[in-house]
Each structure stands twice: as structure tokens, then as C-alpha cells.
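The following note is intended for a colleague who is meeting this structure for the first time. Please read the numbered points with the sequence and the model in view.

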Protein chains: 2
Amino acid sequence: MRKVDIIGVGMTGFGKHQDKSFIELAVPPILEALKDANIKPSQVEAGFCSYALAGRLFGAVTAGQTILWHAGISRVPVVNVENACTSGSTAFHLAWMGIASGQFDTAIVVGVEKMMIPNFGLISSGDTEIDTLEGLVTPASFAMRALCHMEKYGTTAKQLALVAVKNRRHASLNQLSQFRDPITVEEVLNSPMICDPLTRLSCCPNADGAAAVVLSAAGRSRRFTAKPVRVAASVLVTGSYENPMDLVPWETDYRACKKAYEIAGLGPDDLNVVECHDAFTISEILHYEAMLLCPEGEGGRFVETGATSLGGSVPVNPSGGLLSKGHPVGATGVAQLVEGTRQLRGEAGARQAEGARVFMAQCMGGDKDGDARSCTANILMNN
Amino acid sequence: MRKVDIIGVGMTGFGKHQDKSFIELAVPPILEALKDANIKPSQVEAGFCSYALAGRLFGAVTAGQTILWHAGISRVPVVNVENACTSGSTAFHLAWMGIASGQFDTAIVVGVEKMMIPNFGLISSGDTEIDTLEGLVTPASFAMRALCHMEKYGTTAKQLALVAVKNRRHASLNQLSQFRDPITVEEVLNSPMICDPLTRLSCCPNADGAAAVVLSAAGRSRRFTAKPVRVAASVLVTGSYENPMDLVPWETDYRACKKAYEIAGLGPDDLNVVECHDAFTISEILHYEAMLLCPEGEGGRFVETGATSLGGSVPVNPSGGLLSKGHPVGATGVAQLVEGTRQLRGEAGARQAEGARVFMAQCMGGDKDGDARSCTANILMNN
């Protein structure tokens with residue numbers, strides 16, 4: 001397998017883009033990423049496009065072909081990918097696989113979602129209709145995990161809230177984030193209750209948004225850019241659906257991160273900066289544990305130490321995370337890699353993690369019978 | 001790159017499956033393919049699932065994970081793929097790529113669509129709303145090609161109709177086809193006009209259906225089965241969108257087939273049996289030409305010679321094709337490979353193509369500015 005680099009990135013601000021169609025939203029980040037990589041559209045040899053809701057909302061079919069054509073990219077293989085919240089990171093994984101295996105030398109990944117639609121909310125969860133009919137909608141299943149974590153490990157509501165406070169503090173330094181006003185623990189705790197113990201500020205908001213990444217075989221990256229970032233590991237796994245009796249951790253999450261560390265020959269102590277899938281405050285705490293940043297059950301106390309704040313030993317979600325940026329489903333996994341690339345290049349401005357050399361993007365999608373349906377772990381590093 | 005084999009296949013009959021949900025429809029062909037391959041679910045290392053309409057019709061997200069879990073397959077990477085009518089063949093291409101590159105040794109591909117929904121018709125086409133608003137719906141764009149072909153090459157309405165007659169004659173030998181009663185040229189010409197010159201019997205019908213294929217690294221195939229079929233080439237391309245002035249051939253179609261021949265080291269004379277994307281009668285005639293089975297413009301006269309009938313030199317669509325089986329979009333590309341595998345194994349019963357050693361599956365999806373959005377060509381052969 002060949003080594004693969006990220007050579008260019010681009011993304012929209014996340015938020016409301018009511019002036020742009022679903023297709024139009026995705027084009028500017030592609031142009032930005034191509035320019036950043038100093039690559040011509042005709043030099044891009046494959047395209048992978050991710051969206052999770054556009055079929056349902058807009059009847060989208062082969063949208064990737066249309067989007068890429070608007071950016072000047074045609075004739076090459078293009079695949080449209082859906083894997084719930086890991087749609088973008090799955091598209092990235094496939095692009096990585098194609099280059100690593102020698103199928104093509106360059107590829108572009110574009111993730112996009114337009115979901116700021118009147119009366120649209122993404123709330124259903126669970127595998128079967130009965131789960132949803134019985135009330136196991138997404139916030140409920142995450143609230144259940146939060147309550148279990150509090151009961152089993154003594155995690156407090158304040159610790160949960162600190163995740164949202166930290167990520168909003170980070171977001172205040174990121175012009176691309178939808179919400180940027182700092183918030184306090186009290187504001188998080190006193191915002192409207194969605195599903196006990198998760199208040200509104202404990203849940204990620206909807207957003208429109210798009211993000212793009214250009215990849216190249218490592219041997220050719222420097223033809224395009226002086227600042228390639230190496231993909232040290234790219235892992236995609238699906239749930240085992242075998243642990244419904246333990247509703248705290250996702251087995252899938254642990255497995256994806258462990259496999260990524262093994263492939264990269266690295267461990268949690270090597271990480272300098274992380275983006276993880278903080279769809280809810282409890283999610284980030286559970287992901288700390290799955291990434292082995294702290295022992296199981298210690299996630300609540302870990303955020304309290306400040307280790308995961310900018311300035312701490314391993315800043316998590318310097319971009320503001322899903323909790324502040326919002327969560328345009330198909331774009332999220334790609335946006336994490338955009339942030340990671342900018343951090344490793346030292347281009348993150350006021351929210352730069354000091355000495356960033358190794359970055360992990362953790363992403364998970366869906367929830368089924370006590371496990372994630374899909375989980376990705378991608379490690380990037382300077383080279 | 002490693003060699004890859006198909007080691008097992010399965011499919012539902014195509015037609016109405018109103019007793020089964022979208023998810024339930026996809027499970028039996030997986031179980032059939034696993035049994036056919038003599039492989040355990042736990043030995044399958046990756047899954048690729050294709051559907052094009054289930055997001056729109058059922059709000060499906062990560063359906064592949066659920067479908068495969070019902071068949072006992074979990075924990076492994078699973079990707080959901082959409083590429084219009086080439087969704088299934090694109091999923092197959094990715095599975096092939098993963099094995100060829102050494103990412104995994106075995107994989108399953110499952111394509112599924114449930115579209116026999118009251119008041120649902122798949123008619124919109126074109127890239128932009130204005131295309132559809134102005135009347136360039138799918139049958140119209142294919143009718144335009146048919147009229148151009150008739151004008152430019154002297155192709156007759158009778159020749160077009162012969163494609164439908166031939167494929168229905170083949171379908172009469174296939175219990176899995178939705179329509180099996182033989183039809184005559186007169187019946188095709190006298191069936192209700194959809195878009196001149198395409199009558200109802202010149203257009204493929206809707207269907208519910210699912211199909212599955214199990215692949216293995218060639219070095220390991222015989223651990224599972226005594227009758228592996230080799231993937232000699234697997235090609236996916238996207239349109240150039242550069243030939244709107246010539247509305248007869250799809251450049252993409254020619255390019256995909258040419259590349260497949262080059263990779264396989266074979267030519268059109270080597271093909272013994274073919275499945276192609278006969279969404280309309282004119283499609284099959286154009287695909288003959290793109291596959292170089294006959295010179296450009298000769299497709300109408302070629303079908304008249306009987307060469308593409310069972311018993312002819314290169315039987316095309318022995319399964320009955322989309323015109324008889326129906327076209328469950330996400331399943332179609334996989335079903336073509338199921339038929340090809342059965343033909344090469346000599347297991348096609350009354351519709352067996354004699355001496356079948358080399359098979360091509362040609363599939364195309366979408367139509368944009370005079371070109372296909374996506375086109376695949378897969379060549380299978382005995383080994």
C-alpha cells in the first residue's frame with residue numbers, strides 16, 4: 001500500500017445558507033481546496049461525494065457528478081457515499097483506499113448537507129420503527145448513556161456541561177462556526193431540557209455546510225504543495241451490535257481507534273490535537289475514553305482538568321465541534337479533516353493547538369441496539 | 001493488484017414484493033449468495049450496499065448495516081453507495097477494488113430497491129430543474145436519441161421493437177423475470193405511445209428486487225467453492241459532458257467498455273454473452289455499438305441478424321434484461337453480475353448461452369447534457 005497525503009482543503013462556514021441550493025453549496029469548498037492544493041481540476045483522478053439526507057430532502061441522485069462538474073471535474077470515477085454521520089469520513093476512507101492501492105494518484109472528497117429546511121428536524125434513531133415509536137429517538141438514546149455514565153462513574157451534570165462550554169470557547173475563535181458566543185455552565189444547565197440530562201445546549205444544532213479535501217499519493221504530493229499532511233491511518237468499522245447489556249461505551253468506537261493506533265504505530269500520548277463527534281456533550285466524554293485519552297469512566301473528570309481545552313495537553317474540537325459549528329451530516333466528517341489539516345500546518349490562527357504534529361479525527365454514525373452503526377478513525381501527521 | 005473472483009450469487013425474482021419491507025427484501029439474496037459461496041457470515045470481511053431511491057422513499061440511512069446484520073454480518077466495514085442506475089455495479093467495483101488492493105480478502109455486495117409504491121414513477125431526468133420543467137424527462141431524452149439514430153443511420157421502428165421482442169423471449173426462460181409472456185413486433189409498436197418512437201413495451205418497467213454477490217481474493221476462492229468466476233476487469237467512469245452536439249452515442253459508454261477490454265486484454269470478439277443496460281430499446285442498440293459488437297450506426301441491423309439472441313454469436317440480455325425483468329435501480333447492476341456468473345458456470349438452464357466463457361456487464365446511470373453521468377463495464381470469465 002502506498003502512502004497518501006492531504007494536499008488541499010476547503011470548507012464553507014456552517015450555518016444557514018438559504019441563498020444556495022444543495023448543489024451550489026458544495027462547489028466553493030471544492031474550488032478552495034483545489035486552489036489550496038495548487039492542482040488543476042483536470043489533474044484530479046477520482047471523486048467521492050457524501051451526503052446523507054439529500055435523497056430524502058431533495059430527491060438527489062448522482063449529485064456528486066453534478067457538483068464536481070460545476071467545479072470542472074469530469075470523466076473520472078465518481079461515487080456517492082452515505083454512512084449516516086460518518087458519510088464524509090467514509091468517502092475520505094474510500095478515496096484513501098483508492099490512492100493507497102494504486103487505482104489513482106489523486107482524488108477529491110466533498111461532503112455536503114443542506115438541512116436548514118422549515119419544519120425539518122433529525123430526530124429519529126434506532127433500527128426499527130418500534131424503537132422510534134417507543135420513544136428511543138436520538139437524544140433519548142444519548143441521554144440514556146449519559147444517565148448510565150453518571151450512575152456508574154459519578155460523572156456530574158456540570159462535567160457534561162463543561163464540554164459544551166469548552167467547545168463554544170474554541171468556536172469563538174473560528175469564523176466558520178455557526179455559534180460563536182461564549183456560554184457558561186449555568187447557561188448550558190438552564191437551557192431548555194431536551195431529554196434529561198441533555199439540555200438544548202448539550203445537543204448539536206442543525207446546519208447547512210460543505211467541506212472538501214484533496215488527496216495525493218505521497219510520492220507526488222510535493223509536485224502540488226510544499227505542505228502535505230500524511231494520512232497515517234484510515235479506519236472504517238461497523239457495529240458488532242453485541243453489547244446491548246452495556247449501554248455506556250460503544251464497542252465500535254474503541255475498536256476503530258485501537259485499529260487506527262495500530263496501523264499508525266502510535267498511541268494516545270502521541271496525539272496533539274483531536275476532532276471528535278460531539279453530537280451531544282456525553283458523546284465527547286465517551287469518545288475521550290474510546291480514544292484512550294483517559295481511562296474508562298474518567299471522561300467527565302478529564303474535561304474538568306482542562307486537558308482537552310486549547311492550551312491543554314490534547315485540545316479536543318478546537319473548531320468548536322458539532323456542538324458549536326452544527327452538524328451538516330454529510331459534511332461533518334470531511335470538515336473534521338479540514339480542521340486537522342489546518343492545525344497540523346499551523347494555520348489555525350487564534351485556535352491553533354501548540355506543537356500540533358499528530359491529529360486524530362474520530363467520527364461515528366447511527367445507533368443500533370446499543371452500538372454505533374459505523375465508526376471511523378483517521379490519523380493525520382506532519383511529515 | 002490481486003486477482004478477484006465471484007464465489008457466490010443470489011437474487012430475488014424482480015416484480016412486486018408488497019409483503020416485504022425494503023430491508024426484508026434484501027436479506028434472502030444475501031443468504032442465498034453466502035450458501036452458494038459456502039462461506040460463513042463471519043468470514044465476510046466487508047460489505048457494500050447499493051440503493052438509489054430508498055433515501056427518498058423511506059428515509060433510509062445506513063440501511064446496508066441493518067440489512068447485513070440481519071444476514072449475520074457485522075463489525076466489518078460497510079459502505080452505502082449511490083450512483084443512479086450504476087449504483088449496484090459501483091458497489092461491486094468498490095468491493096473489487098478493496099480486495100484487489102489487499103484491504104480485505106472477501107466482501108459482499110448487495111443491491112436493493114423497492115419502488116412499486118402507489119403513485120411513484122421514476123421519470124425525472126436531466127441535471128437541472130429546467131430540463132425537467134421543459135419536458136426533458138427520461139423517456140424524452142432516450143426518444144430523442146432514438147429519433148436521431150433513425151434519421152442518421154436508417155434504423156427502423158421495427159428494429160427497435162426487435163430488442164424488446166428478443167429480450168421477452170429470453171425472459172420467458174427466466175423464472176426471476178417480472179414479465180415472461182412472449183410479445184411480437186406488432187404488440188411493441190401498438191402498445192401505448194410514451195414518447196415517440198418509444199412505446200410502453202419499449203421502456204423498462206419498475207420493480208422491487210434485490211441481488212447479492214460474494215467476492216474473494218482469487219488465491220483463496222477455492223477454499224470456498226469449486227466454481228469461482230474471475231473478474232477480468234472492473235471499470236467505473238463518469239461523463240465528460242462534452243458532446244451535447246452529438247446526441248446519439250454516449251462517449252462515456254464507449255470509454256468504459258474500451259478501458260475494460262484493455263484491462264482484460266480482450267476484445268468484443270471474445271465475448272460469449274452480455275448483459276447491458278436496456279432501459280429502453282434504443283439503449284441496447286447504442287450499447288451494442290459502444291461495446292464494439294457492431295460498427296457505429298449498425299445496432300439496428302445487428303439485432304435483426306439474430307446475433308444477440310440466444311443461439312446467436314453473442315447473446316445479449318439472456319436474463320430478459322431490464323425491459324422484461326424490470327429495473328429496481330439499486331439492484332440492477334448486481335443482478336447483471338448474478339446472471340453473468342450463472343451463465344459462465346453453465347447454470348442458466350433453458351436460457352444458457354452455449355460455450356459461455358467470457359461475459360460483459362455494461363451499465364449506465366443518469367443522463368446529463370448529452371452524456372451518461374456514470375458508466376460501468378465489468379468483464380467476467382471462467383478460469
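**Note on the predicted model**

1. Domain assignment. Chain A, like the rest of this entry, is a predicted model. Its domain assignment gives two parts, each made of two segments: domain 1 covers 4-119 + 207-230, and domain 2 covers 129-201 + 232-382. Taken over C-alpha atoms, the centres of domain 1 and domain 2 of chain A are 23 Å apart.

2. Contact between the domains. To this contact domain 1 of chain A contributes 36 residues and domain 2 of chain A contributes 39 residues. On the side of domain 1 that touches domain 2, at least two residues each come from strand 1 (4-11), helix 4 (87-100), strand 4 (106-113), strand 7 (209-217) and strand 8 (229-238) of chain A. Helix 4 of chain A gives the most to this side of domain 1, namely seven residues. By residue class, the side of domain 1 of chain A that touches domain 2 holds 20 nonpolar, 12 polar and four charged residues.

3. Overall build of chain A. The secondary structure of chain A consists of 13 helices and 11 strands. Its radius of gyration is 19 Å, close to the 21 Å given by the globule rule for 383 residues, so chain A is as compact as a globular protein of that length. Along the principal axes, the C-alpha atoms of chain A fill a box of roughly 55 × 45 × 40 Å.

4. Packing of chain A. Of the 383 residues in chain A, 63% are buried. Among the contacts in chain A with a separation of 6 or more, 78% are between residues 24 or more positions apart.

5. Relation of the two copies. How is chain B laid on chain A? A turn of 180 degrees with a shift of 0.0 Å along the axis does this, with an RMSD of 0.0 Å. The two copies are therefore related as by a two-fold rotation axis. The residue of chain B that comes closest to the rotation axis is B:Arg56, with its C-alpha at 1.9 Å. Both copies use the same surface, since 100% of the contact residues of chain B recur in chain A.

6. Interface between the chains. In this interface, 40 residues of chain B are in contact with 40 residues of chain A. The elements of chain B that each supply at least two residues to the side touching chain A are helix 2 (54-58), helix 3 (63-70), strand 3 (78-82), helix 4 (87-100) and strand 8 (229-238). The residues of this side of chain B divide into 16 nonpolar, 19 polar and five charged.

7. Strand pairing across the interface. Strand 3 of chain A, residues 78-82, pairs with strand 3 of chain B in the antiparallel sense, over three bridges. For A:Glu82, the bridge partner in strand 3 of chain B is B:Asn80.

8. The segment before strand 1. A:Arg2 is found in the segment that precedes strand 1 of chain A. Is A:Arg2 buried or partly exposed? A:Arg2 counts as partly exposed, because 13 C-beta neighbours lie inside 10 Å. Beyond its neighbours within four places in sequence, A:Arg2 is in contact with A:Ile99, A:Ala100, A:Gly102, A:Ala217 and A:Ala218. One of these partners, A:Gly102, is 100 residues away from A:Arg2 along the chain, yet their C-alpha atoms are separated by 7.1 Å.

Note on methods:
Residues numbered from 1 in each chain as written. Chains lettered and ligands numbered in written order. Predicted model: local features only at pLDDT ≥ 70, side-chain atom pairs only at ≥ 80, totals over all residues. Helix = DSSP H or I, 4+ residues; strand = E, 2+ residues; numbered from the N terminus. Rg over C-alpha atoms; globule rule 2.2 N^0.38 Å. Buried ≥ 20, exposed ≤ 12 C-beta atoms within 10 Å, placed from the backbone. Contact = placed C-beta atoms within 7 Å. Least-squares fit on C-alpha atoms with pLDDT ≥ 70 in both. Domains from an automatic or database assignment. Nonpolar A, V, L, I, M, F, W, Y, C, P; charged D, E, K, R; others polar. Pairing = 2+ DSSP bridges.
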